[in-house]
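Student: Could you take me through one part of this molecule in close detail, and then connect it to the rest of the chain?

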Amino acid sequence: MYNDWFTIGRFTIHGYGAMIAVGILAAFFVGERLAKKHGLSPDITDSMIFTALISGFAGSKILYALTNLELLLKDPMAVLGADGWVVYGGILGGLFGMWVYSKVKKIRFMDYLNLLAPEVALGQAFGRIGCFFAGCCYGRVTASHFGVVFPAHSMAPAGVSLIPTQLI
């Protein structure tokens with residue numbers, strides 16, 4: 001909807017990226033509080049979240065590359081550049097990273113997975129708000145009262161009333 005919040009020089013703050021950042025910070029905050037409440041190490045929780053983020057970003061990009069293999073072979077930078085992420089790859093990559101981290105540190109994977117799984121949903125909720133700001137992940141054309149018309153500079157088609165599936 002309003003993805004470009006402000007620009008300072010050549011640096012622009014985008015609503016999508018800001019909401020992803022808020023989701024990550026919220027995951028850290030809630031994860032630490034829950035770790036203390038359940039007698040788990042907040043330091044290990046932070047490291048586990050950080051590991052999940054790095055491996056999740058890698059998994060997301062890898063799955064995007066695999067789903068666009070023809071384009072990857074033709075123009076690798078078009079696929080490996082800033083755009084193009086697949087949330088399922090991010091979740092799988094994050095889980096894999098957490099599992100590896102738990103094996104290296106010899107801690108119980110399931111204790112931290114049970115602790116941190118709700119934070120994935122929290123982060124995803126903020127990410128979906130970011131999708132709304134960017135105009136991506138929109139729904140079908142609608143004539144209903146809850147339809148949203150995105151502006152011309154968003155990823156959604158301009159001037160068309162669409163179901164705001166990002167918020168649903």
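Tutor: Happily, and let's begin with Asp4, which counts as partly exposed because its relative accessible area is 47% (buried means under 20%, exposed over 50%, and partly exposed in between, with a 1.4 Å probe and protein chains only). Before going further, please keep in mind that this is a predicted model, where local features need pLDDT of at least 70, side-chain atom pairs count only at pLDDT 80 or more, and totals for chains, interfaces and linings use all residues. Residues are numbered from 1 along each chain as its sequence is written, and side-chain values use heavy atoms, leaving out hydrogens and water.

Asp4 sits in strand E1, which covers residues 4–8 (strands are DSSP runs of E with at least two residues, helices are runs of H or I with at least four, and both are numbered from the N terminus). Ten residues separate Asp4 from His14 in sequence, yet their C-alpha atoms are 4.5 Å apart in space. The side chains of these two residues make a polar contact at 2.6 Å (a pair of N or O atoms within 3.5 Å; within protein, one must be able to donate a hydrogen and the other to accept it, and residues adjacent in sequence count only if both atoms are side-chain atoms). Setting aside neighbours within four places in sequence, Asp4 is in contact with Thr12, Ile13 and His14 (contact means heavy atoms within 4.5 Å).

Now zoom out to the whole chain. There are six helices and four strands, and reading along the sequence gives the pattern β-β-α-α-α-α-α-α-β-β. The C-alpha trace spans about 55 × 40 × 35 Å along its principal axes. Of the 168 residues, 35% count as buried. Among contacts between residues at least 6 apart in sequence, 50% join residues at least 24 apart. The chain exposes about 10500 Å², with carbon and sulfur atoms supplying 68% of that area (from the Shrake-Rupley method with a 1.4 Å probe; for residues, only the protein chains shown count as cover).

Helix H5, residues 87–105, gives the largest share of a nonpolar surface patch, namely five residues. The patch consists of Val87, Tyr88, Ile91, Leu92, Leu95 and Val120, with about 560 Å² of accessible area together (patches take residues with over 30% relative accessible area and no salt bridge; like charges are joined within 9 Å, and nonpolar side chains, meaning Val, Leu, Ile, Met, Phe, Trp and Tyr, within 5 Å). Ile91 is one of the H5 residues, and its relative accessibility of 38% is why it counts as partly exposed.

The buried residues of H5 are Gly89, Gly90, Gly93, Gly94, Gly97, Met98, Tyr101 and Ser102. They pack against helix H2 (42–67) and helix H6 (109–134). As background, an α-helix has 3.6 residues a turn, so residues three or four places apart point the same way. As for length, the 19 residues of H5 should span 27 Å at 1.5 Å a residue, and the end C-alpha atoms are indeed 27 Å apart (the expected span is 1.5 Å times one less than the number of residues).

Just after H5 comes Lys106, with a positive phi of about 55 degrees, in the loop between H5 and H6. Lys106 counts as exposed because its relative accessible area is 73%. Arg108 forms a salt bridge with Asp111, the closest N and O atoms being 3.1 Å apart (a side-chain nitrogen of Lys or Arg within 4 Å of a carboxyl oxygen of Asp or Glu). By that rule the count comes to one salt bridge. Arg108 is exposed at 58% relative accessibility, while Asp111 is partly exposed at 28%.

Beyond H6, Cys137 lies in the loop leading to strand E3 (148–149). Its phi is near 60 degrees, a positive value in a residue other than glycine, and Cys137 is partly exposed, with a relative accessible area of 38%. Cys137 also brings us to Gln166, which touches it along with Arg128, Cys131, Phe132, Gly135, Cys136, Tyr138 and Phe150, not counting residues up to four places away in sequence. Gln166 lies in the segment after strand E4 (161–162) and is buried, with a relative accessible area of 4%. A polar atom of the Gln166 side chain lies 2.9 Å from the backbone oxygen of Cys136.
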